[in-house]
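Colleague: Could you take me through one helix of this model, slowly? I'd like to know what is around it and then follow the trail outwards.

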Amino acid sequence: MNDTELKMCCAAVYQSDFARLLLGDSFHPGGLPLTERLGNLLALSPSEHVLDVASGRGESAIFLATRFGCRVTGIDLGETNITHATSSAEAANVSTLVQFRIGDAERLDCRDASFDVVLCECAFCTFPDKRTATREFARVLRPGGRLGLSDLTRSGELPAELTGLLAWVACIADAGVTEEYVAHLKEAEFQSLSVEPQDEALAQMVRDIQGRLLAAELMVRLDKLSLPGLDFREAKAMAASAAGAVRSGLLGYSLITAKKPSAEKLCG
């Protein structure tokens, strides 16, 4: 499977009912409280325009506009996600502040220096070409603009059961070492890097996944839910392995912020 096929496969899975069953309403550890924490770390204000990369069903973008008053443009590869997010923004009465469109993180259809802030939650680890995506983040940010990432991290090699499709859905399979993420940002000339561990948010997400799997298996046995093709044994093994990896410190979760150099430093 090439990079394009991989991205489209992931986008299709993330739009599925199965992904919602597995991950709940928020597709990233910590949910909206961590989105708010990231917004505070980035010091978002009503005068700013935020690009939410891999915006999914729009929950974070709508929340940021409501909470901080900023304009938000969300991009996602999933057409179904874009349709749902647009309807949700209208229902929340923030459609004047929030818009969504199809977009690829590695080829952003945005002008240079057109955003004050770029946000990417629990998706950077799934991008096949992280170096190109990071450069795109820097390109669309104005001088002095800020970047906020939240993502899974690992401290060593993952066991086999955490590298399959189910682990990709849970944003686990391609988790990177924190130092690798930081290296990509430095290569794109980001500065003022800060890393804030939020491992408990990941631990809670894994516990929630385990609970949802048990509930879903019971519903299937009672013929009240149909999930054709889902191997519950494999899914529960993946979740148990993830729980163990979090407890051992192999898997973690971090908020990473950085800043694009100001115009003066770029010229200097």
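**A close look at one helix**

Modeller: Start with the residues of α6 that are buried: Lys 130, Ala 133, Thr 134, Glu 136, Phe 137, Ala 138 and Val 140. "Buried" is under 20% relative accessible area, "exposed" is over 50%, and "partly exposed" is in between (1.4 Å probe, protein chains only). Before we go on, keep in mind that this is a predicted model, where local features need pLDDT of at least 70 and side-chain atom pairs pLDDT 80 or more, while totals for chains, interfaces and linings take in all residues. Numbering starts from 1 along each chain as its sequence is written, and side-chain values use heavy atoms, without hydrogens or water.

So what covers those buried residues of α6? The cover includes β1 (49-53), β4, β5 (141-154) and α8. These names come from DSSP runs (H or I, at least four residues, for helices; E, at least two, for strands), numbered from the N terminus.

Let's stay with α8. The axes of α6 (residues 130-140) and α8 come within 9 Å and cross at roughly 50°. Because of that angle, α6 is oblique to α8 (under 35 degrees is roughly parallel, over 145 roughly antiparallel, 65 to 115 roughly perpendicular, and the rest oblique). The crossing is right-handed. On the α6 side, the contact uses Lys 130, Arg 131, Thr 134 and Arg 135, and on the α8 side His 184, Leu 185 and Glu 187. Contact here is heavy atoms within 4.5 Å. Sort these residues by type and you get 1 nonpolar, 2 polar and 4 charged. Lys 130 and Thr 134 turn up in this contact as well as among the buried residues of α6.

Now slide along α8, which covers residues 178-187, to Thr 178. Thr 178 is buried, with a relative accessible area of 18%. Set aside its neighbours within four places in sequence, and Thr 178 touches Thr 153, Arg 154 and Val 195.

Two of those names, Thr 153 and Arg 154, are also on the contact list of Leu 251, along with others such as Leu 152, Ile 172 and Val 246, again leaving out neighbours within four places. Leu 251 takes us to the largest nonpolar core, which has 41 residues; Leu 251 and Ile 172 touch the most other members. (Such a core is a set of buried Ala, Val, Leu, Ile, Met, Phe, Trp, Tyr and Cys residues joined through side-chain atoms within 4.5 Å.) Among the elements that each supply at least two residues of this core are α4 (59-68), β4 (115-121), α9 (199-221) and β7 (251-259). Separate from this one is another core, of 26 residues, and Leu 185 is one of them. You have met Leu 185 already, in the contact of α6 with α8.

One more stop: β1, part of the cover of α6, and the loop that joins it to α4, where you'll find Ala 54. Ala 54 isn't a glycine, yet its phi is positive, about 60°. Most residues other than glycine have a negative phi. Ala 54 is partly exposed, at 29% relative accessible area. Across that loop, the buried residues of α4, including Ile 62, Leu 64 and Phe 68, pack against α3, β1, β2 (71-76), α5, β3 and β4. Both β1 and β4 appear in that list and in the cover of α6, which brings us back to the helix you asked about.

Methods: Axes fitted to C-alpha atoms, helices over the stretch in contact; angles between N-to-C directions. Left-handed = near helix turned anticlockwise from the far one by under 90°. Nonpolar A, V, L, I, M, F, W, Y, C, P; charged D, E, K, R; others polar.
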